[in-house]
Amino acid sequence: MEDYYDLIIIGAGITGSALAYVASRYSDMKSILVLEKYGKVAPLNSDSTNNSQTLHFGDIETNYTLEEAAHTKASAERVLYYSKMLSVSERSKIISPVQKMVLGVGPEEVKRLEKIYSPEMRKLFPGLKKLGRKELQKIEPNTIKGRDPDEEVSALLSDKGYMVNFGLLAKSFHEKAKKAGVKTIFNCPCINVNPIEDGHEVVTPRGNFKGRFVIFAAGTYSLYFAKKLGYDKNLSIFSVGGGFYIAPRVLKGKVYRVQAGGIPFAAIHGDPDITNPKVTRFGPTVSFPLALEVRKGGTTLDYLKTFDFDIPTIQSLFNILFNKDILRIMRRNAVYPMPLFGKNLFIKNEVSKIVPSLTADKIYFDKSVGGIRPQIIDENKRFLSMGASKIRGNNIMFNITPSPGATSSLQSAMDDIVYISTLLDIKLDEERMERELGRFDYKHLKEKINGHKQI
Ligand SMILES: Cc1cc2nc3c(=O)[nH]c(=O)nc-3n(C[C@H](O)[C@H](O)[C@H](O)COP(=O)(O)OP(=O)(O)OC[C@H]3O[C@@H](n4cnc5c(N)ncnc54)[C@H](O)[C@@H]3O)c2cc1C
């Protein structure tokens with residue numbers, strides 16, 4: 001017999017797990033099913049080893065507008081709210097305060113940081129502090145040790161530094177959802193999805209499942225399924241792989257770099273590892289893998305299906321691939337994973353800007369970690385767009401989640417559950433949701449929903 005659910009979520013990464021948690025805790029949905037392709041929660045990009053573990057607030061991300069920074073801050077705060085409900089022992093494994101800054105090296109970057117440190121920015125982030133060479137020497141000594149004394153350097157120090165094990169956070173959401181009655185079937189990939197009279201039917205090798213509402217929280221794969229159903233011809237995915245070099249612990253905290261141009265993925269930075277206090281990770285390196293998953297063959301064809309290859313697609317790809325900043329990043333990064341030669345260049349071009357005294361013999365490229373950021377190509381703009389996207393169809397939704405998708409997982413889940421409850425006859429305990437996860441602008445979101453805008 002085929003099952004029928006109020007909500008089917010495809011994917012048990014952090015996005016799908018946060019949604020399962022929020023839907024089961026704050027709505028009166030009776031039946032929620034999660035279908036996960038692999039055998040565990042958060043096997044891909046949400047796993048702690050595959051991302052940078054940063055709770056992004058928008059204060060040190062130099063490529064965000066003020067509006068994007070404010071939105072990111074609100075999203076990150078929901079994770080803090082959630083973490084406060086956990087026991088001390090669970091919380092300490094999932095989230096840990098850490099020093100965090102953005103470093104400017106050379107006159108151009110120093111000037112950019114000064115501009116970013118505007119009165120508006122300081123109003124949004126009153127705890128953000130500007131640091132000169134002397135303060136840096138005290139606070140993050142290895143950023144100064146061995147540096148040319150004539151080189152200009154400055155930083156913005158955040159008071160909102162946290163590293164997060166997003167894989168464990170996803171597991172925590174999942175466990176709580178499970179206790180509230182959510183069913184998960186692992187090793188159960190969605191192969192197809194078909195509209196039916198009252199919802200959709202999800203086709204898997206383990207049977208077909210009907211859902212009143214279906215949400216794809218399938219990371220890089222969400223757009224592939226959206227396109228299969230004929231949704232959003234104006235978006236494509238630019239898969240940006242991200243890998244990591246591992247070094248001994250040379251930084252106290254997170255040291256980000258000033259971002260080049262309008263590139264939506266982060267420049268290489270140095271981070272401690274929440275799972276191993278003895279190391280600093282440098283990355284993510286950038287690759288363009290023509291795939292939806294790293295370390296797994298056979299996803300190229302599915303990736304290519306996220307493109308329509310019409311004139312806007314081709315113009316967008318042309319603009320991206322011939323953008324001078326992207327070209328520079330591509331040229332440099334192509335060499336970084338190569339043995340010997342790669343790591344010397346990585347030290348020279350990237351690490352030396354952050355930790356000038358670190359030498360190539362102390363670092364190695366860890367091939368077993370890293371993931372894919374599904375950067376969205378907005379074909380209307382003919383270029384990459386910043387952040388995540390939601391494609392909303394008829395009783396179906398597709399979440400595409402580049403960085404900082406893990407930070408915004410609870411925000412995304414709240415947006416989704418408000419959307420579903422507005423469309424279907426589902427009650428939502430808005431008061432409890434706000435009390436536990438922070439204030440929420442329902443009016444603004446509902447207006448957007450009624451206008452059916454893509455948000
Ligand atoms: C190098 C790198 C660094 C990053 N750093 C940060 C950071 O510091 N901070 C931050 O906030 N974000 C960061 N991100 C982004 C963040 O990791 C992602 O946005 C987030 O993990 C996305 O979560 P997700 O659940 O949407 O996708 P995923 O974690 O990719 O999960 C998707 C799930 O869907 C499943 N799935 C796929 N297809 C199917 C199918 N057909 N049927 C069933 N299940 C399916 C997959 O198996 C997977 O479990 C980084 C990403 C990368 C790659």
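F309 lies in the loop between α9 (300-304) and α10. In this predicted model, the phi angle of F309 is near 55°, a positive value in a residue other than glycine. F309 is exposed, because 10 other C-beta atoms lie within 10 Å and the limit for an exposed residue is 12 or fewer. L340 repeats the theme of positive phi. This residue is not a glycine either, yet its phi is about 60°. L340 belongs to the loop between α11 (324-335) and α12 (341-354). L340 is exposed as well, with 8 other C-beta atoms within 10 Å.

Helix α10 spans residues 311-321 and contains T313. The surroundings of T313 include 19 other C-beta atoms within 10 Å, so this residue is classed as partly exposed. Burial would require 20 or more such atoms. Neighbours within four places in sequence aside, T313 contacts S236, F307, D308 and E379. F186 is 127 residues away from T313 along the chain, and the two C-alpha atoms are separated by 35 Å.

Two cis peptide bonds were examined next. One runs from G283 to P284, with omega near -10°. P284 sits in strand β15, which covers residues 276-287. Another cis bond links S403 to P404, with omega near 5°. P404 is placed in a loop, between β19 (396-400) and α13.

Helix α13 follows that loop. It covers residues 409-423, 15 residues in total. From first C-alpha to last, α13 reaches 21 Å, close to the 21 Å expected at 1.5 Å a residue. Of the 15 residues of α13, 13 are buried, so the helix is largely enclosed by the rest of the structure. In an α-helix there are 3.6 residues a turn, so residues three or four places apart point the same way.

Strand β16 pairs with two other strands. With β12 (residues 235-248), β16 runs antiparallel and is joined by 11 bridges. In this pairing, I246 stands opposite Y364 of β16. With β17 (residues 383-385), β16 also runs antiparallel, here through 3 bridges. I377 stands opposite L384 in β17. Strands β16 and β17 form a hairpin with 4 residues between them. R382 lies in the turn and has a positive phi of about 60°.

A second hairpin joins β9 to β10 through 2 residues. Strand β9 comprises residues 192-196, and β10 comprises residues 199-204. The two run antiparallel and share 5 bridges. One of the paired positions is I196, whose bridge partner in β10 is G199.

The ligand is surrounded by 42 residues. The closest are G11, G13, G219, G242 and G405. By class, the shell holds 19 nonpolar, 20 polar and 3 charged residues. Glycine counts as polar in this scheme. Both α1 (14-26) and β16 (364-378) supply at least two residues of the shell. The largest share comes from β16, with 4 residues. Strand β16 thus combines a place in the ligand shell with antiparallel pairing to β12 and to β17.

At the level of the whole fold, the protein chain contains 15 helices and 19 strands. Its radius of gyration is 22 Å; a compact globule of 455 residues would have a value near 23 Å, so the two agree. The C-alpha atoms fill a box of roughly 70 × 45 × 40 Å along the principal axes. Buried residues make up 50% of the 455 residues. Among contacts with a separation of 6 or more, 75% involve residues 24 or more positions apart.

Terms used: Residues numbered from 1 in each chain as written. Predicted model: local features only at pLDDT ≥ 70, side-chain atom pairs only at ≥ 80, totals over all residues. Near = placed C-beta within 6 Å. Expected span 1.5 Å × (residues − 1). Rg over C-alpha atoms; globule rule 2.2 N^0.38 Å. Contact = placed C-beta atoms within 7 Å. Pairing = 2+ DSSP bridges.
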